[in-house]
Amino acid sequence: MIRPILIHPDPRLKKLCEPVAEITPELRQLAADMLETMYDAPGVGLAAPQVGVLKRLIVMDCIKDGPAQPMALFNPVVTWASEDLSTYEEGCLSIPEQYADVNRPAEVIVRWTDVDGATQERQFSGLWSTCVQHEIDHLDGKLFIDYLGPLKRQMITRKMTKLKRERARE
Ligand code: NI
């Protein structure tokens, strides 16, 4: 089931999300719904608070050409980050059509619980690294525009407020 994606500014996008204690059937369904919603958007990553659920769950698939590689990560934690940084022009499904360069560690190791309840750990690089860090930020109420200067951030927030007003009128 495709779930509606919250658009910034929304207080639910600024909250610290709760760790998941147990992977229940409801949470597995949520992960499946989030992947469906992400592919439909389309996007390469989505975090649970973006569909209004304040739990530590992210989904992603950074393969643009080739077979899909859907991932669902519960309680993801960065356990190592490279000193090398990389810059990507980031966007966000909660901030449609706005993009800006963000610097982040080029590579990270992330530990998480998968849909079967097993612990996984993997090193991410390239777009996967940017994406996983961007999505984990969502779980701490942080958006990519929080890395920008206040003027740029306010300009984007004003545009989003206007977009939400227009959509509400439709
Ligand atoms: Ni995002």
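Trainee: How do the residues lining the largest pocket divide into nonpolar, polar and charged?
Mentor: Keep in mind that this is a predicted model. Charged residues supply six of the lining positions and polar ones eight. The nonpolar group comes to 13.

Trainee: Okay, and how much space lies in that largest pocket?
Mentor: Its lining is made up of 27 residues, and the closest to the centre are Val44, Gly91, Cys92, Leu93 and Tyr99. The space in there is about 560 Å³.

Trainee: Which element gives the largest share of the lining?
Mentor: Three elements give two or more residues each: strand 4 (85-92), strand 5 (95-105) and helix 2 (126-139). The largest share is six residues, and the element behind it is helix 2.

Trainee: Now the metal: which residues coordinate the nickel ion?
Mentor: Look for the spacing C-x41-H-x3-H along the sequence. The contacts run at 2.1 to 2.3 Å, through one SG and two NE2 atoms. The donor residues are Cys92, His134 and His138.

Trainee: How many residues apart in sequence are the parts that Cys92 and His138 tie together?
Mentor: Cys92 sits in strand 4, while His138 belongs to helix 2. So the pair links parts of the chain whose separation in sequence is 46 residues.

Trainee: Last one: is His138 buried or exposed?
Mentor: The cut-off for buried is under 20% relative accessible area. Cys92 has 10%, so that donor is buried. His138 has a relative accessibility of 1%, so His138 also counts as buried.

How values were computed
Residues are numbered from 1 along each chain as its sequence is written. This is a predicted model: local features need pLDDT of at least 70, side-chain atom pairs count only at pLDDT 80 or more; totals for chains, interfaces and linings use all residues. Side-chain values use heavy atoms; hydrogens and water are left out. On a 1 Å grid over the protein atoms alone, a cavity is a set of points where a 1.4 Å probe fits but cannot get out, and a pocket is an open set with protein on both sides within 12 Å along at least five of seven lines; lining residues have an atom within 4 Å of a point. Grid points are joined across faces, edges and corners, and a volume is the space filled by probe spheres set on the points. Helices (H or I, at least four residues) and strands (E, at least two) are DSSP runs, numbered from the N terminus. Ala, Val, Leu, Ile, Met, Phe, Trp, Tyr, Cys and Pro count as nonpolar, Asp, Glu, Lys and Arg as charged, and the others, Gly among them, as polar. Donors are N, O and S atoms within 2.8 Å of the metal (3.2 Å for Na, K and Ca); water is not among the atoms, so sites may look incomplete. Buried means under 20% relative accessible area, exposed over 50%, partly exposed in between (1.4 Å probe, protein chains only).
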